Amino acid sequence: MNILGISCFYHDAACALIKDGMLIAAAEEERFSRIKHDSDFPKNAINFCLKKGKIMPQDIDACVFYEKPFLKFERLLLSILYGYPCSLKLFQEAMKTWLSKKLWIKNILQEKLGLPESKIYFSEHHLSHAASAFFCSPYEEAAILTVDGVGEWTSASLGIGKSYWNGSHGKNSLDLENEIRFPHSLGMLYSAFTAFLGFEVNEGEYKMMGMSPYGEPKYMEKIYKLIHINEDGSFVLDMTYFSYTYHSEKTFTDKFTKLFGKPRNPKARFVTDKTSLFDDPNPPTEEELKINQYYADIAASIQKVTEEIILKMAKYLHKKTGLKKLCMAGGVALNSVANYRILKETPFEEIYIQPAAGDSGGAIGAALYFYHVILGKPRAFVMKHAFWGEEHGENSIHEFLNKEGIKYETIEDDEKLFERIIDRLMKGNVIGWYQGAFEWGT
Ligand SMILES: [Fe+2]
């Protein structure tokens, strides 16, 4: 049985192929189109998956989309209505993409893959996230935590995954019992600060996490003005500080900048006392150091607040389920610093996070959810590595370089190759290294 999972039209479009419950191939469209976070229909990723699985579109038994577009559209319309008249521009922009393609996923899949309507299914966004972690994990039972910007309505969910099998008889279940709903969202809060610190939303979050060790969490109290956090990790945002419900580009309001000051210029260099490790031919001024230290302290503060919320959620989830194993997914589950603290500071003893924990991973989750929960098929797959993408052998590399007229040199002796690389690295050069199949996820 061949099941194709697809995610697209928001960010990180991807495709995954499951054959009798085993993952055959998974790839993000950006790896083929060379457009970072490409959200367009993943035609190249689909072609790759079909080729790798040695199947034709007519051999697909089910194609599962990772979220429910009409529920998402409902959320968008209600947000726009609530934000009127400030949301007029968002309305215009959103209608263009929703009416032209986002609403018609079923038709698009039918047309592009030549599939009948009866073979197309939809999973919910956070169920896809949850399934992408639990059904790739080696656990028969685990607590599940998904946290992201937003799916249809949900921005975080807590639940439990179970697989009980005795021979060929058994059951898989995935129950998300608690949730936090839009507009209250930890992912959106984190992204608002990502934008404030001059990074691109849905891209620069890891840069903000990387910026945080250069600062001190001095402004947590200020951030707590934006969010009320309960003991179980649930929270409510004060929406007067945020504009993402009615604005397509701006995520925070003037009230936010009144509290935190001027946003960081995205083009300015980031330099503090801790970053200036080498002799700088253009040393930073006192003023530059001071303002950058402030931004680093903001990054450290929002990172710490995020960690505190995730820790509270994880502790509550453990108390509720009594389980020692945790599966995590959603963009916020890529916050490795927070994940390490879960392992260190909560009773969870093991954590499983699938490498494509963000929305691209929804493709694999949707397919696995359909196979294991809807069809009730037993599990046989555990994701132990991330090399599910396309592979180019030596011959095809030579062929490409010759065709493009690119100069190259072949070094057969590994020792010589390593020496050359070490030498270049010592001189401060950057080395690109390609080997094996490309990775699934970040
Ligand atoms: Fe998501």
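**Loops, cores and overall build**

Q: Asn-202 is found in the loop between which two helices?
A: This is a predicted model, so take the backbone as computed. Asn-202 has a positive phi of about 70° although it isn't a glycine. As for its place in the chain, the loop holding Asn-202 runs between helix 7 and helix 8 (205–211).

Q: Is Asn-202 buried, partly exposed or exposed?
A: Buried would need under 20% relative accessible area, and exposed would need over 50%. Asn-202 has a relative accessible area of 35%, so it counts as partly exposed.

Q: Where is His-37 found?
A: His-37 is another residue to check for its backbone: it has a positive phi, near 60°, and isn't a glycine. At 22% relative accessibility, it counts as partly exposed. Its spot is the loop between helix 1 (30–33) and helix 2 (43–52).

Q: What kind of peptide bond joins Phe-182 and Pro-183?
A: Pro-183 sits in the loop between strand 8 (169–181) and helix 7 (186–196). Omega for the bond from Phe-182 to Pro-183 is about 10°, and the bond is cis.

Q: Which residue is joined to Pro-85 by a cis peptide bond?
A: Look in the loop between helix 3 (69–83) and helix 4 (88–100), where Pro-85 is found. The cis bond there has an omega of about 5°, and the partner of Pro-85 is Tyr-84.

Q: Is Ser-360 buried or exposed?
A: Ser-360 is in the loop between strand 12 (350–353) and helix 13. Leaving aside neighbours within four places in sequence, it contacts Ser-7, Asp-12, Ala-14, Glu-28 and Trp-440. The cut-off for buried is under 20% relative accessible area. Ser-360 has 4%, so it counts as buried.

Q: Which helix gives the most residues to the largest nonpolar core?
A: That core has 62 residues, and those touching the most other members are Leu-4, Ile-6, Leu-23, Leu-174, Ile-364 and Met-383. The top helical contributor, with eight residues (its span is 362–374), is helix 13.

Q: How many residues make up the second, separate core?
A: In soluble globular proteins, nonpolar side chains tend to be buried together. Here the second core includes Met-209, Phe-260, Val-305 and Met-328. Its size is 57 residues.

Q: What radius of gyration does the protein have?
A: The C-alpha atoms fill a box of roughly 65 × 60 × 50 Å along the principal axes. For 442 residues, a compact globule would come out near 22 Å, and the protein agrees with that, having 23 Å.

Conventions. Residues numbered from 1 in each chain as written. Predicted model: local features only at pLDDT ≥ 70, side-chain atom pairs only at ≥ 80, totals over all residues. Heavy atoms only, no water. Rg over C-alpha atoms; globule rule 2.2 N^0.38 Å. Core = buried A, V, L, I, M, F, W, Y, C linked by side-chain atoms within 4.5 Å. Buried < 20%, exposed > 50% of the residue type's maximum accessible area, 1.4 Å probe, protein only. Helix = DSSP H or I, 4+ residues; strand = E, 2+ residues; numbered from the N terminus. Contact = heavy atoms within 4.5 Å.
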